[in-house]
Amino acid sequence: FDADGEPHINIFDFRSGKWVRGPDMNNGRWYPYNVMLGSGKTLIVSGSYFETPGNNSTRTINSTPQLYNFNNGCLETLPDGGDEFFSFYPFLHLRPDGRVLQVQSPLPFQGEDRQSRLFDPANPPTGAWPDFANMNDDHGNGSSVLFQSGRKALMVGGFLATGFQPNNLAEYINLDSPIASWTRVAPMNFKRVFHTATILPDGKVLVTGGAS
């Protein structure tokens, strides 16, 4: 059932060509996101699950980040971040200093949380991840990239939080700035959701696919 995520971890072994089950997560995750850390561990956040089975159950955001260790196949549970601080499918980027940038991507039914946040896996906070900067626009199911050797982040397109309408808006943030803030730039030629942004060798960002 949509929004009722499974707790399963599945791992593909390229040597045998088979999928194998890993350890179960603390709860289900529908539309989670993960990012590989410099330690080789994988940070897993967000996603939703139903507290009780059935169509009338309450959908709950999985607010507990977890680390999967490929070396020993174990899961480490980090302090709970609070469900108001995670959206479905948040964008995560690993910065050169080891911290993780979360670029918020609210869906229309989740309100207008435009905060981006910084998280230090080596020193995880108790509670919410520290707020970093507030975005100008809504970008639910948009696309985000980290560029210029991790110094800047770009966010393009996505749904508006009201009206469930796609947009062509774009903004970036200079993470090296002492007072970093999101700045609007020229919009895309087309409105897009569920698209992909890709860094090219010349430093430009190619945006492809999606729906309008």
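**Exercise 1. The largest pocket**

Which strand gives the most to the lining of the largest pocket, and with how many residues? Work from the predicted model, and describe the pocket before turning to the strand that borders it.

*Solution.* Begin with the volume: the largest pocket holds about 330 Å³ of space. Next, consider its wall, which is made by 15 residues, and of these H8, I9, M25, N34 and I44 lie nearest the centre of the pocket. Then assign the lining to strands: at least two lining residues come from each of strand 1 (10–13), strand 3 (30–36) and strand 4 (42–50). The answer follows from the count per strand, since strand 3 gives the most, with four residues.

**Exercise 2. From the pocket to strand 6**

Starting from I44, identify its bridge partner in strand 6, and then describe the surroundings of strand 6 on the side of strand 7 (residues 74–77).

*Solution.* I44, one of the residues nearest the centre of the largest pocket, has Q66 as its bridge partner in strand 6. This pair belongs to an antiparallel arrangement in which strand 4 and strand 6 are joined by three bridges. Moving on, strand 6 is also joined to strand 7, again antiparallel, by four bridges, and within that pairing L67 is matched with E76 of strand 7. The connection between strand 6 and strand 7 is a hairpin with four residues between the strands, where G73 takes a positive phi near 70°. Finally, examine the side chains of strand 6 (residues 66–69): Q66 and Y68 point one way, L67 and N69 point the other way, and all of them are buried.

**Exercise 3. The sheet 8-9-10-11**

Trace the sheet in the order 8-9-10-11 from one edge to the other, and explain why one side of each edge strand is left without a neighbour in the sheet.

*Solution.* The sheet is open, built from four strands in the order 8-9-10-11, with antiparallel pairing. Strand 8 (91–94) and strand 11 (131–134) stand at the edges and have a single partner strand each, so one side of each is left without a neighbour in the sheet. On average, neighbouring strands here are turned by 20° against each other, direction ignored.

Now follow the pairings in turn. Strand 8 and strand 9 are antiparallel over four bridges, with Q102 of strand 9 as the bridge partner of L92; the two strands form a hairpin with five residues between them, and G98 in the turn has a positive phi of about 95°. Strand 9 is then joined to strand 10 by three antiparallel bridges, and V100 has F119 of strand 10 as its bridge partner. The last step, from strand 10 (residues 115–119) to strand 11, is again made by three antiparallel bridges, among them the one that matches S116 with A133. As for strand 9 (residues 100–103), both of its faces are covered, with V100 and Q102 buried on one side and L101 and V103 buried on the other.

**Exercise 4. The sheet 12-13-14-15 and N167**

Name the edge strands of the sheet 12-13-14-15, and decide whether N167 of strand 14 is buried or exposed.

*Solution.* Four strands in the order 12-13-14-15 make up an open, antiparallel sheet. Its edges are strand 12 (143–147) and strand 15 (182–185), each of which pairs on one side only, and the average turn between neighbouring strands is 25°, direction ignored. Strand 14 (residues 166–174) pairs with strand 15 in the antiparallel sense over four bridges, and E171 has R184 as its bridge partner in strand 15.

N167 has its place in strand 14. The relative accessible area of N167 is 4%, and since buried means under 20%, N167 is buried. A polar atom of its side chain lies 3.0 Å from the backbone oxygen of D138. Beyond its neighbours within four places in sequence, N167 is in contact with residues including H139, F159, L160, M188 and R192.

**Exercise 5. Positive phi outside glycine**

Where are Q148 and F194 found, and what value does phi take in Q148 and in F194?

*Solution.* Q148 is located in the loop between strand 12 and strand 13 (152–159), and its phi is positive, near 50°, although the residue is not a glycine. F194 lies in the loop between strand 15 and strand 16 (196–199), with a positive phi of about 60° in a residue that is likewise not a glycine. To complete the description, Q148 is partly exposed at a relative accessible area of 38%, and F194 counts as partly exposed at 48%.

Conventions. Residues numbered from 1 in each chain as written. Predicted model: local features only at pLDDT ≥ 70, side-chain atom pairs only at ≥ 80, totals over all residues. Heavy atoms only, no water. Pairing = 2+ DSSP bridges. Axes fitted to C-alpha atoms, helices over the stretch in contact; angles between N-to-C directions. Buried < 20%, exposed > 50% of the residue type's maximum accessible area, 1.4 Å probe, protein only. Polar contact = N/O pair within 3.5 Å; in protein donor to acceptor, adjacent residues only side chain to side chain. Contact = heavy atoms within 4.5 Å. 1 Å grid on protein atoms, 1.4 Å probe; cavity = no way out; pocket = protein on both sides within 12 Å on 5 of 7 lines; lining within 4 Å. Points joined across faces, edges and corners; volume = space filled by probe spheres on them.
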